[in-house]
Every structure is written in structure tokens, then in C-alpha cells.
Amino acid sequence: MDIAEQRRQWLEGATAIARRAGQLVMELYEEQAYQTFQKSDASPVTSADLAAHKLIVEALQELTPEIPILSEEGKHLSLATRQSWPRYWLIDPIDGTQEFIARSGDFTVVIALVEQHQPTLGVIYWPAGEKLYYAQRDVGAFRLDHQGEQRLQVRKLANPASDPVILAISRRQPRERVFQRMTSDRELTTLPAGSCSLKACMIAEGQADCFLRVGPTGEWDTAAAEVIVGEAGGSIVSEHFEALTYNVEEQLGNPNFIIVGDPAVAWREIFTHHQTDPRA
């Protein structure tokens, strides 16, 4: 079996697991049958995160017992140990825990496969919207919902140099932190949304054009989105327009990052923070 076919089978298994985890999370969400705790970094976690983590890890171990698993809610092994992994599953059992707690419905289940430091499979399931987003590198990105399966494509602007762009923006993050990193010349409309991965899906399917995340995130927040957005014609980069990295640092945090759609748009002129960086 060639690697493309192997990945297809892994993707099929991962999508089924994400949906199972999403169903579990929604049951706990609707019944409000969960507890909320604070992690060591002061971010929130719920018993629903932990239940989804357990389900996903056990199911992936059954699907691919030979592939290690790295989860936001699991034990983070040292880089010395992780460096020996040719591939691994990278999961966020609930992306958007604050949205889960706030009861907005804008949270997702995220599963990615990373091979040789690059995400190759991505699955994002939005249980409240009953929408499944998934992609395989060099194969395409797709959405599956009650209307069936649809291939994803970022929105192409009629005039990339001057048309207004739609900025997906967090309901929880201060907008000023985003706007101060953008040019005031380009006309913007904003589209509020929840988790990082959900905003990425909005860009992949053409509802929004761009998103800037300022603040702490982990590699599990971007790996699946990077495949889905990339296969839809967009990209994810740091705010200094550098590629994101996976499993090359001891810590698993991301820099501030930008998700963009139409490649014909001069995004460097819109997101201007990189111009103050000595590396630019």
C-alpha cells in the first residue's frame, strides 16, 4: 500500500473518531454535565476536554498502535523523546474551551497527523454545527454536512488590490491587539467567531478572508487547520510571514500567526507588524 492510500485510510479513521468525540462533547455540553478547572498556565479546562481526550487517544491507539499521540490535555514528552518520531497524531480534544464554557457553541474537535515536522492530515469537527472539515495534503480539503460533501476553496477577490477583506475576529480577544497590527488603509469588515480552528475553516470555505491570532496557542491549534486551509488555496504563517514549525522545539507554543485566503492579495501590506521586526 502506498503512503497516499495509507493516509486516506488514516484520515477516514480520524474523521470517524472526531465525530464520536464531538458527539460525546455535545452530550456533556447540552446536559451541562461537566466541571471546570484551571490549568497551571491559568487557562481553563473542563472534564469534557478530558473525556474527549481519553476517547480520542484510545481510538487512535486502536486505529494506529504504532503512531505516537500528542494531545493538549496529555503528558508532553521531552523533545529528546519526540525527535525520534517519524510521524505522530496531534490533537486538541476541544479547541475553544472558553467558548464551550461560555455556551456559544463555537468549539471544535481537532485531530492532525504530522509527518517529518509537517502536517499531512487535518480533521476539524464542529459538533454544534454538525460540520466536518477534513483534508489530506496534495489531495484536497472538504466539508461534510447535511447537504453532502463539498470541496473547499478560499474566496477569490475580484480586485485583490482594493476589494474589502473580511477579517474573522475573536469574540474573546481585544480587537485593538489585532487592528494595531494592520494597515488602516484597507477596508475591512469583521466576522466574529469562536475557536481558532473554526475561524480557519471559515477562511477555507470562503466565508472570511483572513484571521490574526495574537496570544498564546499551541501547535495543536494550527496543525489540522494548516492542511485544510492550505489545500483550499490559503496559508498559515507567523505574523512575521515565516512558516510555522512542528516538533522542533522543547516547548509546543506557537508564535502569533496569520491565516489568509486569496494568495493574490498583498497580505504583507495589510498585516504590517512584520515591518517593525529586524528580520523583515
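Which residue of S9 does Arg-143 stand opposite? I looked this up before anything else, and the partner is Gln-150 in S9. I note here that the model is predicted.

**Entry: strand S8 and its neighbours**

I began with S8, which covers residues 140–145. I asked how many of its 6 residues are buried. The count is 5, and I wrote the strand down as mostly covered.

I then checked what S8 pairs with. On one side of my list is strand S7, residues 131–136, which is joined to S8 by 5 bridges. S7 and S8 run antiparallel. Within this pair, I found Leu-132 opposite Leu-144 in S8. The two strands form a hairpin, and 3 residues lie between them. In that hairpin I looked at Asp-138, which takes a positive phi near 70°.

The other partner I noted is strand S9, residues 148–151, with 4 bridges to S8. This pair is antiparallel. S8 and S9 also form a hairpin, and 2 residues stand between them. The opening pair, Arg-143 and Gln-150, belongs here.

I added one general reminder to the page: side chains in a regular strand alternate between the two faces of the sheet.

**Entry: strand S4 and its neighbours**

Next I turned to S4. I found that 8 of its 9 residues are buried, so to speak of it as mostly covered is fair by the definition of under 20% relative accessible area.

Which strand runs parallel to S4? I found S3, residues 69–71, joined to S4 by 3 bridges. Ile-69 stands opposite Trp-89 in S4. S4 also pairs with strand S5, residues 108–115, and here the sense is antiparallel, over 7 bridges. For Tyr-88, I recorded Val-114 in S5 as the bridge partner.

**Entry: pockets**

I went on to empty space. In general, a probe the size of a water molecule, rolled over the atoms, shows where such space is left.

The largest pocket has a volume of about 950 Å³. I counted 38 residues in its lining, and those closest to its centre are Ser-43, Glu-72, Pro-216, Thr-217 and Asp-221. The elements giving two or more residues to this lining are strand S2 (44–46), strand S4 (87–95), helix H4 (97–102) and helix H6 (196–204). S4 from the entry above thus appears on this list too. By class, the lining has 9 nonpolar, 14 polar and 15 charged residues.

The second largest pocket holds about 180 Å³ of space. Its lining has 15 residues, and Ala-243, Leu-244, Thr-245, Asn-254 and Pro-255 are the closest to its centre. I sorted this lining into 4 nonpolar, 6 polar and 5 charged residues.

**Entry: cysteines**

How many disulfides does the structure hold? I found 0. As a reminder, a disulfide is a covalent bond between the sulfur atoms of two cysteines.

I checked Cys-201, which is in no disulfide. The nearest cysteine sulfur is that of Cys-196, 11 Å away. Cys-201 counts as buried because its relative accessibility is 1%.

Why does Cys-210 have no bond to the closest cysteine sulfur? That sulfur, in Cys-196, is 14 Å from the sulfur of Cys-210, and this is too far for a bond. The cut-off I used is 2.5 Å between the sulfur atoms. Cys-210 is buried as well, with a relative accessible area of 0%.

Note on methods
Residues are numbered from 1 along each chain as its sequence is written. This is a predicted model: local features need pLDDT of at least 70, side-chain atom pairs count only at pLDDT 80 or more; totals for chains, interfaces and linings use all residues. Side-chain values use heavy atoms; hydrogens and water are left out. Buried means under 20% relative accessible area, exposed over 50%, partly exposed in between (1.4 Å probe, protein chains only). Two strands pair if DSSP finds at least two bridges between them. On a 1 Å grid over the protein atoms alone, a cavity is a set of points where a 1.4 Å probe fits but cannot get out, and a pocket is an open set with protein on both sides within 12 Å along at least five of seven lines; lining residues have an atom within 4 Å of a point. Grid points are joined across faces, edges and corners, and a volume is the space filled by probe spheres set on the points. Ala, Val, Leu, Ile, Met, Phe, Trp, Tyr, Cys and Pro count as nonpolar, Asp, Glu, Lys and Arg as charged, and the others, Gly among them, as polar.
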